[in-house]
Amino acid sequence: MKDTTTAEAEADRGDWEDEFTFALTRRGLDRETATACAKEALAHCEESGESLREAFGDPEEYADTVAVSRIPVATRARTDYDDVTMDEYWGAPLTLPAVFLFLGGTMAWIGMGLWIEVTVAGLAGTVLIGVAFAVAGGAHSLRAAGFRRASLVTGCAALVLCVPAAVALLELPRSGLGRIPSPALIAAALLLNWFGERLERPDGAERRALGRLLRRTRHTRRSGGSGDDSAGPGDDREVRRWLSRLYGLLRGRHRVRRDEARRLVSDARQHLEASGARPQEEFGDAERYALSLVEEGGAKRLTRKELATRREWIILGGAVLWLADADWPDLRWHQWGVLVLAVVEGAALARHYLAKSRARTATSPRGGPGGK
């Protein structure tokens, strides 16, 4: 029994160390620094006699704490809750269609063989779906950047594009235009993804210069072109814009709960109304202020496990919708794949809620209110 317990403890320690190291590298630390942080945690536990989970808790949450002291604030402020920097979002309008094209090419190769027939309906529908994915990638980038209204409009545009795509696939003629090798779609997807990953991004100096130019243009327009830098602190438009950006950053980049984000924005608005100061003078840059609210515990956000559970529900729901009109006595190969995916996601969700129920039962008083 002792040997079994020791082996389980060693396995748990190894799992925690691997998860913690991977979490740090995903947040932007180099491998050497992440490994050194893991060794420091192990050394502490060897001295104290505690396990890693007893001393530091969940590896993902502890990685958030370590990242605060190891990663510059400018980098943390421009990194979202999925550990993706804003610069990495530049290529989303290309990388997301690349994923669609790669999956479509793979399915075509497996289902139709090495050569596939190109039809008018198929070509038009595929192009429109690719454009919809590109627009959706832009909407995702705008949401992470904190521009929630622009993200909403762009997301609606992506949904609208699905209508002509469906019409093209169902109504346009299916006359053949020729044949192409299915691996060519995969090669095009890889090329598109490569180009999206390497889009030229403006450096910090260029971004700051552009920001100064835009601010100066807005100020000149507000002051009637006089160039007088004396716009009062009560500029409602400026305050509304800053508060809207703060709300967008809290919700989109840092995944703060809706009621918490509204409370924090309301507190900031009341403070600005009482002081009469400009938001930049009182709170500073909206990105850094949003980060400070999150890191100092002033903003409660969804846990990573909650976000993972939401994504699993989305995948399960999509799989169920895909299988809604399936011919169950005679499923095709791709429908079997979707069915397996639905079963795996359903089992994962069942395990999650079962473990949650057991944890709730274990922490509740014995015997109910009587405590027996």
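Among the contacts in the chain with a separation of 6 or more, 75% join residues that stand 24 or more positions apart. This value, like every other one here, comes from a predicted model, and the reader may wish to keep that in mind while following the chain through the structure. The secondary structure comes to 16 helices and 2 strands. Of the 372 residues in the chain, 30% count as buried, and the accessible surface comes to about 23,100 Å², with 60% of that area belonging to carbon and sulfur atoms.

A good place to begin is with helix α6, which covers residues 92–112. T95 is found in this helix, and it counts as buried because its relative accessibility is 18%, while the cut-off for being buried is under 20%. Which residues does T95 touch, once its neighbours within four places in sequence are left aside? The contacts of T95 are then N193, G196 and E197.

Helix α6 also has a part in the surface of the model, since the largest share of a nonpolar patch, 3 residues, comes from this helix. The patch is formed by M107, W109, I110, L114, W115, W322 and W333, which together have about 750 Å² of accessible area. One of these residues, L114, is found in the loop between α6 and β1, a strand that covers residues 115–119. L114 has a relative accessible area of 45%, and therefore it counts as partly exposed.

The surface also holds a patch of a charged kind. R148, R149, R237, R240, R241, R258, R262 and R310 gather there in a patch of positive charge. The elements that give two or more residues to this patch are α8, α11 (236–253) and α12 (258–275), and the largest share, 3 residues, comes from α11. Two members of the patch can be followed in more detail, beginning with R148, which is found in helix α8, residues 148–171. Its relative accessibility is 36%, so R148 counts as partly exposed. R149 is also found in helix α8, but R149 is exposed, because its relative accessible area is 61% and the cut-off for being exposed is over 50%.

Where does R148 make its contacts, when residues up to four places away in sequence are not counted? R148 touches S244, Y247 and G248. For one of these pairs the distances can be set side by side: R148 and Y247 are 99 residues apart in sequence, and their C-alpha atoms are 8.4 Å apart in space.

The next topic is the pairing of charges. Side chains of opposite charge can pair when their charged atoms come close. A search of the whole structure finds 16 salt bridges, and three of them are described here, beginning with the one between R26 and D83, in which the closest N and O atoms are 3.1 Å apart. This pair links distant parts of the chain, for R26 lies in helix α1 (residues 2–26) and D83 in the loop between α5 (73–77) and α6, 57 residues apart. R26 counts as partly exposed, at 27% relative accessibility, whereas D83, at 11%, counts as buried.

The loop between α5 and α6 also holds R78, whose side chain meets that of E287 in a salt bridge with an N to O distance of 3.6 Å. Because E287 lies in helix α14 (residues 286–295) and R78 lies in that loop, the pair ties together parts that are 209 residues apart in sequence. E287 is buried, with a relative accessible area of 12%, and R78 is partly exposed, at 24% relative accessibility.

Which residue forms a salt bridge with D82? The side chain of D82 meets that of R255, at 3.3 Å from N to O. Since D82 lies in the loop between α5 and α6 and R255 in the loop between α11 and α12, this pair ties together parts that are 173 residues apart in sequence. D82 counts as partly exposed, at 24% relative accessibility, while R255 counts as buried, at 14%. Salt bridges can also share partners, and in this way R26, R27, E60, D64 and D83 are joined into one network.

How values were computed:
Residues are numbered from 1 along each chain as its sequence is written. This is a predicted model: local features need pLDDT of at least 70, side-chain atom pairs count only at pLDDT 80 or more; totals for chains, interfaces and linings use all residues. Side-chain values use heavy atoms; hydrogens and water are left out. Helices (H or I, at least four residues) and strands (E, at least two) are DSSP runs, numbered from the N terminus. Buried means under 20% relative accessible area, exposed over 50%, partly exposed in between (1.4 Å probe, protein chains only). Contact means heavy atoms within 4.5 Å. Patches are made of residues with over 30% relative accessible area and no salt bridge: like charges are joined within 9 Å, nonpolar side chains (Val, Leu, Ile, Met, Phe, Trp, Tyr) within 5 Å. Accessible areas come from the Shrake-Rupley method with a 1.4 Å probe; for residues, only the protein chains shown count as cover. A salt bridge is a side-chain nitrogen of Lys or Arg within 4 Å of a carboxyl oxygen of Asp or Glu. Lys and Arg count as positive and Asp and Glu as negative; His and the chain ends are not counted. The place of a charge is taken as NZ of Lys, CZ of Arg, CG of Asp or CD of Glu.
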